[in-house]
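Dear colleague,

Please find below the sequence and the structure that I am handing over to you. The findings follow directly after them.

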Amino acid sequence: EERIDLIRQVFWDMNEVSWYVQTIKHKDDTETILHITITSKKATEMPDFYHFSKSQREALTEVLKPEYAQMLAELVGTYGGEVSLDEAQIRAMLSAMPKDISERRKAVVEKAYSLLGKVNYFWGGKSSAIGWDSRWGTPTRVTAPGSRSTGTVRPYGLDCSGFVSWCAVNAAGDPAAFAAVGNGVRAQRALCAPVDWADALPGDLAFYPDLSHVGIVAGRGADGGLLVLHCSYSLGGVVCSSDAKAAGFTDLGRPSLFEKTP
């Protein structure tokens with residue numbers, strides 16, 4: 001209870017809610033409008049507010065680094081500007097891809113979009129099925145070690161690298177592509193050539209600095225940020241993040257499976 005009270009106090013220290021009621025008299029009736037304003041502070045503003053010591057400031061700087069984005073997301077529920085897209089918007093995104101990229105790249109991104117919001121995250125979840133895997137959504141015990149979910153029963157789905165592998169397999173139409181793209185994040189990174197952020201293309205892979213997470217570059221948003229489709233533990237399944245860097249991705253790779261040229 002003491003910790004809950006502390007979190008509640010921090011929330012109200014960082015967020016101010018004000019409101020007022022506006023009354024507008026019309027000829028035949030009266031309109032009442034409630035105006036609510038929420039003003040929020042950033043985490044970087046709080047050390048001065050709380051009179052942090054040098055060591056506390058250093059700790060805050062450390063925990064706000066991109067590599068901890070997913071850990072923080074498990075606490076606050078979201079990160080990286082996740083976006084919801086309907087079928088029409090997905091078709092528009094696919095149509096907006098560069099015209100000179102290969103059909104394989106387009107297929108990879110199209111397959112990635114096909115699972116958006118439809119497949120759960122499952123630690124150790126892999127699939128070489130062509131098309132929808134009938135196991136997805138079926139309650140299954142997590143047997144892969146190393147996760148807080150190990151030993152629990154959850155709807156079967158994919159983990160982050162399993163999502164990338166499934167998209168590669170289905171883009172190629174061949175289960176053999178599973179081995180070609182790599183089994184696991186580290187194997188997938190090892191099979192990639194480095195890519196600069198300015199040169200990223202749809203179908204390239206995005207990685208966390210500690211190789212704990214991987215996603216598929218889907219293109220660029222209106223602000224120029226890289227869109228990344230990934231299967232997220234903290235967000236429960238396949239999502240689209242509108243800003244790769246804000247989502248914690250720091251490294252890009254070009255899979256040899258797709259091709260070394262656009």
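**Cavity**

A search of the whole structure, which is a predicted model, finds one cavity of 30 Å³ or more. The volume of the largest cavity is about 30 Å³. Its lining is made up of Ala-180, Val-181, Gln-188, Leu-191, Cys-192, Leu-205, Pro-255, Ser-256 and Leu-257.

**Nonpolar cores**

As general background, nonpolar side chains in soluble globular proteins tend to be buried together. In the present model, the largest nonpolar core has 42 residues. Those with the most contacts inside this core are Tyr-113, Leu-115, Leu-158, Phe-163, Ile-216 and Leu-229. Two or more residues each come from helix H6 (103-114), helix H7 (160-172), helix H8 (177-181), strand E7 (205-207), strand E8 (214-220), strand E9 (226-232) and strand E10 (237-241). Helix H7 gives the most to this core, namely eight residues.

Another core lies apart from the largest one and has 11 residues. Ala-200, Val-217, Ala-244 and Ala-247 are among them.

The surroundings of Leu-158 may be worth viewing on screen. Leaving aside residues up to four places away in sequence, Leu-158 touches Leu-115, Val-119, Asn-120, Tyr-121, Phe-122, Gly-125, Lys-126, Ser-127, Trp-136, Phe-163, Trp-166 and Cys-231. Of these contacts, Leu-115 and Phe-163 also appear in the list of residues with the most contacts inside the largest core.

**Cysteines**

The whole structure was searched for disulfides, and zero were found. Cys-167 is in no disulfide, and the nearest cysteine sulfur, that of Cys-231, is 9.6 Å away. A disulfide would require the two sulfur atoms to be within 2.5 Å. Cys-231 is likewise in no disulfide; for this residue the nearest cysteine sulfur is that of Cys-160, 7.7 Å away. Cys-167 counts as buried because its relative accessibility is 0%. Cys-231 is buried too, with a relative accessible area of 0%.

**Salt bridges**

Side chains of opposite charge can pair when their charged atoms come close. The structure holds eight salt bridges, and three of them are described here.

Asp-204 forms a salt bridge with Arg-105, with the closest N and O atoms 3.0 Å apart. Asp-204 lies in the loop between strand E6 (192-194) and E7, and Arg-105 in helix H6, so this pair ties together parts that are 99 residues apart in sequence. Asp-204 counts as buried because its relative accessibility is 0%. Arg-105 also counts as buried, at 0% relative accessibility.

Asp-204 has a further partner in Arg-254, and in this salt bridge the closest N and O atoms are 2.9 Å apart. Here, too, distant parts of the chain are linked: Arg-254 belongs to strand E11 and Asp-204 to the loop between E6 and E7, 50 residues apart. With a relative accessibility of 13%, Arg-254 counts as buried. Through the partner that these salt bridges share, Arg-105, Asp-204 and Arg-254 are joined into one network.

In another salt bridge, the side chains of Arg-189 and Asp-251 meet at 2.6 Å, N to O. This pair links distant parts of the chain, with Arg-189 in helix H9 (residues 185-190) and Asp-251 in strand E11 (residues 251-255), 62 residues apart. Arg-189 counts as buried at 17% relative accessibility, whereas Asp-251 counts as partly exposed at 25%.

**Backbone geometry**

Finally, two residues deserve a note on their phi angles. His-51 is not a glycine, yet has a positive phi of about 55°. His-51 is found in the loop between helix H2 (46-50) and helix H3 (54-63), and counts as exposed at 67% relative accessibility.

Leu-211, also not a glycine, has a positive phi of about 55°. Leu-211 lies in the loop between E7 and E8. At 21% relative accessibility, Leu-211 counts as partly exposed, because buried requires a value under 20%.

With kind regards

Notes. Residues numbered from 1 in each chain as written. Predicted model: local features only at pLDDT ≥ 70, side-chain atom pairs only at ≥ 80, totals over all residues. Heavy atoms only, no water. Buried < 20%, exposed > 50% of the residue type's maximum accessible area, 1.4 Å probe, protein only. Core = buried A, V, L, I, M, F, W, Y, C linked by side-chain atoms within 4.5 Å. Helix = DSSP H or I, 4+ residues; strand = E, 2+ residues; numbered from the N terminus. Contact = heavy atoms within 4.5 Å. Salt bridge = Lys/Arg side-chain N within 4 Å of Asp/Glu carboxyl O. 1 Å grid on protein atoms, 1.4 Å probe; cavity = no way out; pocket = protein on both sides within 12 Å on 5 of 7 lines; lining within 4 Å. Points joined across faces, edges and corners; volume = space filled by probe spheres on them.
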